[in-house]
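The following report describes how one protein chain is put together, moving from strand pairing to ring contacts and helix packing. It is meant to be read alongside the sequence and the coordinates.

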Amino acid sequence: MPMESEQQAPVIHERRILSRDEHSISRKEISENALKVLYRLNKAGYEAYLVGGGVRDLLLGKMPKDFDIATEATPEQIKALFGNCRLIGRRFRLAHIVFGRDVIEVATFRGHHHQVNNSRHISAQSEEGMLLRDNVYGTIEEDAERRDFTVNALYYSAKDFTLHDFAGGLEDLQARRLELIGDPETRYREDPVRMLRAVRFAAKLDMQISPRTAAPIRELAPLLQDIPAARLFEETLKLFLAGHALETYRQLRDYNLFQQLFPQLTPLLTPNGDSVCERFIEQALIDTDKRVQDDKRVTPAFIYAALLWGPVESRARVLENESGLPWHDAFMMAVNEVLDNQTRVIAVPRRFTTDIRDIWALQTRLTRRQGRHPERAMEHPKFRAAYDFLLLRNRVERGLGELASWWERYVESAPESRQQLQRDASRDEPRGEKKRSNRRRRPRRRKPATE
């Protein structure tokens with residue numbers, strides 16, 4: 001692979017500095033804790049700026065979730081200034097300044113990874129060009145070159161209230177254009193997660209990925225398979241729980257990225273995206289986006305349960321037909337297989353896989369409406385999630401209308417009315433399970449021995 005010096009030069013222009021009356025950012029919109037960090041770094045003689053998404057979102061009139069800072073101070077120098085600082089990361093050494101629940105992330109200006117290694121500059125690359133460790137420090141200009149997108153290479157100074165643009169990010173922001181800095185193939189090989197970030201920002205900010213930035217993504221998408229599974233879990237939370245899940249999902253599919261994250265779903269995807277499985281996923285993502293917009297709680301377990309429901313049902317049918325297993329046994333075996341396969345790609349923590357199993361297992365329990373089954377189901381900690389999951393399924397699957405309607409009435413009824421509902425309920429057994437006879441089998445009569 002060509003070295004970085006042989007690749008297309010980064011799209012870095014001469015620094016453009018805008019005075020306070022030339023931009024829309026006000027200190028009143030910036031976190032008080034972020035300002036404290038900036039002021040202390042400046043007072044100690046270090047160059048320091050608000051950078052990245054915080055600046056970008058302020059310019060777009062949005063309220064940032066986080067405020068990140070870039071500075072010329074090294075992590076050790078930052079730690080010496082702040083008693084509430086902890087240093088994290090091996091791949092990227094960062095300082096976290098902790099104010100209760102508020103954490104301000106401070107990074108030292110990055111340099112180019114082809115610089116000579118020494119005690120201050122440590123970097124390593126894989127054979128595919130992926131950066132494994134990257135603690136190379138440099139100037140603000142070099143830091144701007146190392147940023148991923150031009151709209152993230154904007155720096156705000158609390159010292160003199162100026163805005164610094166190195167890569168034409170302001171113009172791209174106004175044009176709603178997402179432009180990668182440098183040669184796209186090289187930058188994606190350095191860190192394949194940048195492909196996910198491109199889609200996430202495009203969906204979140206309602207921007208178009210520029211043609212040159214988009215061009216290599218479909219071909220390089222398989223590089224995501226080299227990313228640690230734990231890191232991919234964190235990235236998928238940003239993709240699906242930020243309020244733009246549906247558009248993100250559609251773009252991930254279009255760029256062949258979703259197929260890398262959820263390979264078990266690939267055989268179930270159709271050209272028109274209109275299968276029951278795909279409509280179920282889209283409806284789940286629509287509902288998730290609405291909950292985020294309404295400031296309601298959303299959980300990774302429910303999203304993953306929805307995304308992987310199709311593979312579980314599909315695999316269970318195969319096991320039932322090929323192995324002759326009862327439906328319940330085939331279903332539970334499929335649950336184990338699908339979750340085991342998925343966690344090899346994305347390391348979903350056990351606390352979530354446990355909830356996913358419960359949501360799925362309750363789908364079979366909710367079909368049993370006789371005796372104490374409904375009451376016991378409602379006592380389960382994950383009943384509400386499983387109940388919502390059933391209602392979601394009913395919106396796209398056939399044959400669930402009577403069951404879903406019954407449970408809606410049961411949940412909303414007073415306890416004294418529920419017994420009548422149980423008496424009126426259909427006595428159909430769960431799919432694939434036959435009633436066992438209580439009669440004892442008579443012993444077979446032996447024929448008398450012939451003489």
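In this predicted model, strands β2 and β9 run antiparallel and are joined by 2 bridges, with Val51 standing opposite Tyr155 in β9. Strand β2 also pairs with β3, again in the antiparallel sense, over 4 bridges, and here Tyr49 is the residue that stands opposite Ala70 in β3. Both faces of β2 are covered, since Ala48 and Leu50 on one side are buried, as are Tyr49 and Val51 on the other.

These strands belong to an open sheet of 8 strands with mixed pairing, whose order is β1-β10-β9-β2-β3-β6-β5-β4. The edges are taken by β1 (16-18) and β4 (85-88), each of which has a single partner strand, so that one side of each is left without a neighbour in the sheet. On average, and with direction ignored, neighbouring strands of this sheet are turned by 30° against each other. Further along the order, β5 (residues 94-99) and β6 (residues 102-108) run antiparallel and are joined by 5 bridges, and within this pair His96 stands opposite Glu105 in β6. Helix α1 (residues 32-43) packs on the sheet, where it touches β2 (48-51), β3 (68-71), β5 and β6, and its direction makes about 35° with that of β6.

Which kind of ring pair do Tyr155 and Phe166 form? The model holds 20 aromatic pairs when ring centres within 6.5 Å are counted. For Tyr155 and Phe166 the centres are 5.4 Å apart and the planes stand at 80°, so the pair is edge-to-face. Tyr155 lies in strand β9 (residues 154-156), whereas Phe166 lies in the loop between β10 (163-165) and α5 (169-174), so the pair ties together parts that are 11 residues apart in sequence. Both Tyr155 and Phe166 are buried. Elsewhere, one aromatic cluster is formed by Phe233, Phe240, Tyr249, Phe258, Phe262, Tyr304 and Phe352.

Charged side chains also lie over aromatic rings, and two such arrangements are set out below.

| Charged residue | Ring | Distance to ring centre |
|---|---|---|
| Arg56 | Phe201 | 4.7 Å |
| Arg418 | Tyr410 | 4.9 Å |

Tyr304, a member of the aromatic cluster, is also among the buried residues of helix α14. In α14 (residues 300-307), 8 of the 8 residues are buried, so the helix is largely enclosed by the rest of the structure. Besides Tyr304, the buried residues of α14 include Pro300, Ala301, Phe302, Ile303, Ala305, Ala306 and Leu307. The helices against which the buried residues of α14 pack are α10 (229-240), α12 (258-261), α13 (276-293), α15 (309-323), α17 (350-365) and α19 (383-394).

Some totals place these details in the whole chain. The protein has 21 helices and 12 strands, and 50% of its 451 residues count as buried. Of the contacts with a separation of 6 or more, 68% are accounted for by residues 24 or more positions apart. The protein exposes about 23800 Å², of which carbon and sulfur atoms supply 46%.

Key: Residues numbered from 1 in each chain as written. Predicted model: local features only at pLDDT ≥ 70, side-chain atom pairs only at ≥ 80, totals over all residues. Heavy atoms only, no water. Pairing = 2+ DSSP bridges. Axes fitted to C-alpha atoms, helices over the stretch in contact; angles between N-to-C directions. Contact = heavy atoms within 4.5 Å. Phe/Tyr/Trp six-rings, centres within 6.5 Å; stacked < 30°, edge-to-face > 60°. Buried < 20%, exposed > 50% of the residue type's maximum accessible area, 1.4 Å probe, protein only. Lys NZ or Arg CZ within 6 Å of the ring centre and 35° of its normal. Areas by Shrake-Rupley, 256 points an atom, 1.4 Å probe, with all protein chains shown as cover.
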